[in-house]
Amino acid sequence: MSESAEPAGPGGLTTGEVARRLGVAPTTVRTWDQRYGLGPDRHTGGRHRRWTPADVARLERMCALTATGIPPAEAARLARETPAPASAPAAPPSVLPRRAPAPQAAPASRAGSGLRLGDARQECKGIARAALRLDAAALDRLLLDAIREHGLVAAWTEVIVPTLQAVGRKWESSGERYVEVEHFLSWHVSGALRRAAPDTAPDRPGASVVLACVPGDNHTLALEVLSAALAERSIPVRMFGGALPVESLIAAVRRTGPAAVALWAQSRTTASRPLAQHVAAMEWGVRGARRSPLVLTLGPGWSGRPAPGTARPRGLAETVTALEGLAPTEPTVGT
C-alpha cells in the first residue's frame with residue numbers, strides 16, 4: 001500500500017495526508033525527513049508515522065522558504081529553528097502574499113505533467129504548461145501578460161517565483177530530468193523582464209545602484225528583476241551580472257560612486273562577509289563631504305545577521321522600497 005493511501009487514524013495525519021495538504025509528493029515529505037530531519041517529533045506504534053499540527057507547520061515553513069529560492073538544506077535549518085506562532089501553531093510565517101482560497105477549490109494542480117502548483121494563481125499554471133511543452137511563443141506571451149497586469153514586483157513574487165520553484169522541485173524529484181525546462185523557463189523570464197522594463201534611467205550623481213553577483217555566483221535572475229523594477233522608478237542602475245571578480249567590483253564602485261551596491265549570493269560558499277564590509281567602507285568625494293555606499297546583501301547565501309555596515313532586506317518589494325528612499329530623486333524642471 002502506498003503512503004498516499006494510508007488510512008487516517010488517531011494521533012495525527014499520515015504522510016500521504018500531509019503531502020496532499022502541502023501539494024507535494026509523499027516521496028518529497030520522506031526525503032525532507034531522511035535528509036534534513038523534518039520528520040514527526042513523536043512516533044506512534046505501528047508501521048505508519050503520524051504528523052501533529054506542529055510537524056505540519058514546520059513542513060509548511062519549509063515549503064514557504066523554498067518558494068523564495070532558498071536551497072532546501074538551508075530552508076530546512078531555518079524551518080527547524082523558527083518556532084511556529086503560539087496563537088496559531090499550524091500556520092507558517094507568511095513569506096509570499098497569501099490569497100483567500102477560492103470556494104470549493106480543486107485539488108492541487110499538476111499543470112498536466114506532475115508539476116504541483118497548489119493554489120497558485122491561474123497564470124502560474126499556464127506558464128508552467130507552456131514551459132513543460134517548450135512552447136516559446138506562448139511562454140513569452142504569458143509572462144509579458146502577467147507583468148503588464150500585475151506589475152513587475154507582484155508578477156515576480158506571486159507568479160514567476162512560484163512557477164520557477166515548482167519547476168525546480170520537479171527537476172529535483174525526477175532524477176535530473178526536466179533540466180531543459182528550468183533553463184528554458186529562466187531564459188524566457190530574463191527576456192520578458194528586459195522587454196517589459198523601460199529604458200535605463202540617465203545617470204545622476206550619487207543616485208545610481210550597482211548590481212552584481214559575488215565572485216563564483218552566476219544566479220542573475222533576481223538581480224535582473226530588481227534592475228527592471230528600479231528602471232520603472234527612474235533609478236539609474238549599473239548591472240554587472242554574474243561572478244564579478246573582486247577587483248572589477250571595487251573598480252566599478254570607485255568609478256560610479258553609487259548610492260547603493262546590491263550583492264547577490266545564492267549559497268554560503270560564495271557569500272563573503274569581508275567583501276561586503278570592504279565595499280561598505282569605501283569612500284569617495286571631497287574632504288569633509290565623503291560618502292560611502294549602502295551595501296545590500298541579497299540572496300539565501302547571506303542568511304543570518306547582516307555583516308556590519310550592510311543591510312539585508314527581505315524580498316523584492318522591501319529591497320525596492322529601501323533603494324527608492326535612498327537615491328535622490330531627479331529634480332523637476334520648472335518647479
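A residue counts as buried under 20% relative accessible area, as exposed over 50%, and as partly exposed in between. Keep that cut-off in mind as we click around this predicted model.

**Stop 1: the whole chain**

Start with everything in cartoon view. You should find twelve helices and five strands. Colour by accessibility and you'll see that, of the 335 residues, 48% count as buried. For a contact map, take pairs with a separation of 6 or more: residues 24 or more positions apart make up 66% of those contacts.

**Stop 2: helix 1 and W51**

Select residues 15–22, which is helix 1. Is this helix mostly covered or mostly open? Mostly covered, with six of its eight residues buried. The buried ones are T15, G16, E17, V18, A19 and L22.

Now show W51 as sticks; this residue lies in the loop between helix 2 (26–36) and helix 3. W51 has a relative accessible area of 2%, so it counts as buried. What does W51 touch, once neighbours within four places in sequence are set aside? Its partners are G12, L13, T14, T15, V18, V29, L38, G39, P40, V56 and L59. T15 and V18 take you back to the buried set of helix 1. Put a distance label on W51 and G12, too: their C-alpha atoms are 4.9 Å apart, although 39 residues separate them in sequence.

**Stop 3: A54**

Slide along to A54, in helix 3 (residues 53–67). A54 comes out at 38% relative accessible area, so it is partly exposed. Another label to try is A54 to D41: these two are 13 residues apart along the chain, and their C-alpha atoms are separated by 8.6 Å.

**Stop 4: helices 5 and 6**

Select 122–133 (helix 5) and 136–150 (helix 6), whose axes come within 8 Å and cross at roughly 160 degrees. Angles over 145 degrees count as roughly antiparallel, so that is the label for helix 5 against helix 6. The crossing is left-handed. For sticks, pick E123, G126, I127, A130, A131 and R133 on helix 5, and A138, L139, L142, L143, E149 and H150 on helix 6; these residues make the contact. Sorted by class, this contact has seven nonpolar, two polar and three charged residues.

**Stop 5: helix 9 and its two partners**

Helix 9 covers residues 221–232. Bring up helix 8 (residues 179–196) first: the two pack with axes 9 Å apart, at an angle of about 15 degrees. Helix 8 is therefore roughly parallel to helix 9. Their crossing is left-handed. The contact is made by S186, V189, S190, L193 and R194 from helix 8, with L221, E224, V225 and A228 from helix 9. That contact sorts into five nonpolar, two polar and two charged residues.

Next, swap in helix 12 (residues 315–326), whose axis comes within 10 Å of the helix 9 axis and crosses it at roughly 45 degrees. Because of that angle, helix 9 is oblique to helix 12. This crossing is right-handed. Which residues meet here? V225, L226, A229 and L230 in helix 9 meet L316, T319, V320 and L323 in helix 12. By class, the contact has seven nonpolar residues, one polar and no charged. Keep V225 highlighted: it takes part in the contact with helix 8 and in the contact with helix 12.

**Stop 6: two positive phi angles**

Most residues other than glycine have a negative phi. Two loop residues to check in a Ramachandran plot are S234 and A243.

S234 is in the loop between helix 9 and strand 2 (237–239). Its phi is near 60 degrees, a positive value. At 38% relative accessibility, S234 counts as partly exposed.

A243 is in the loop between strand 2 and helix 10 (246–256). Its phi is positive as well, near 50 degrees. At 26% relative accessibility, A243 also counts as partly exposed.

**Stop 7: cysteines**

Finish with C124 and C213. C124 is buried, at a relative accessible area of 0%, and C213 is buried too, at 1%. How many disulfides does the structure hold? Zero.

Technical notes:
Residues are numbered from 1 along each chain as its sequence is written. This is a predicted model: local features need pLDDT of at least 70, side-chain atom pairs count only at pLDDT 80 or more; totals for chains, interfaces and linings use all residues. Side-chain values use heavy atoms; hydrogens and water are left out. Axes are lines fitted to C-alpha atoms, for helices over the stretch in contact, and angles run from 0 to 180 degrees between N-to-C directions. Helices (H or I, at least four residues) and strands (E, at least two) are DSSP runs, numbered from the N terminus. Angles under 35 degrees count as roughly parallel, over 145 as roughly antiparallel, 65 to 115 as roughly perpendicular and the rest as oblique. A crossing is left-handed if the near helix is turned anticlockwise from the far one by less than a right angle, and right-handed if clockwise. Contact means heavy atoms within 4.5 Å. Ala, Val, Leu, Ile, Met, Phe, Trp, Tyr, Cys and Pro count as nonpolar, Asp, Glu, Lys and Arg as charged, and the others, Gly among them, as polar. A disulfide is a pair of cysteine sulfur atoms within 2.5 Å. Buried means under 20% relative accessible area, exposed over 50%, partly exposed in between (1.4 Å probe, protein chains only).
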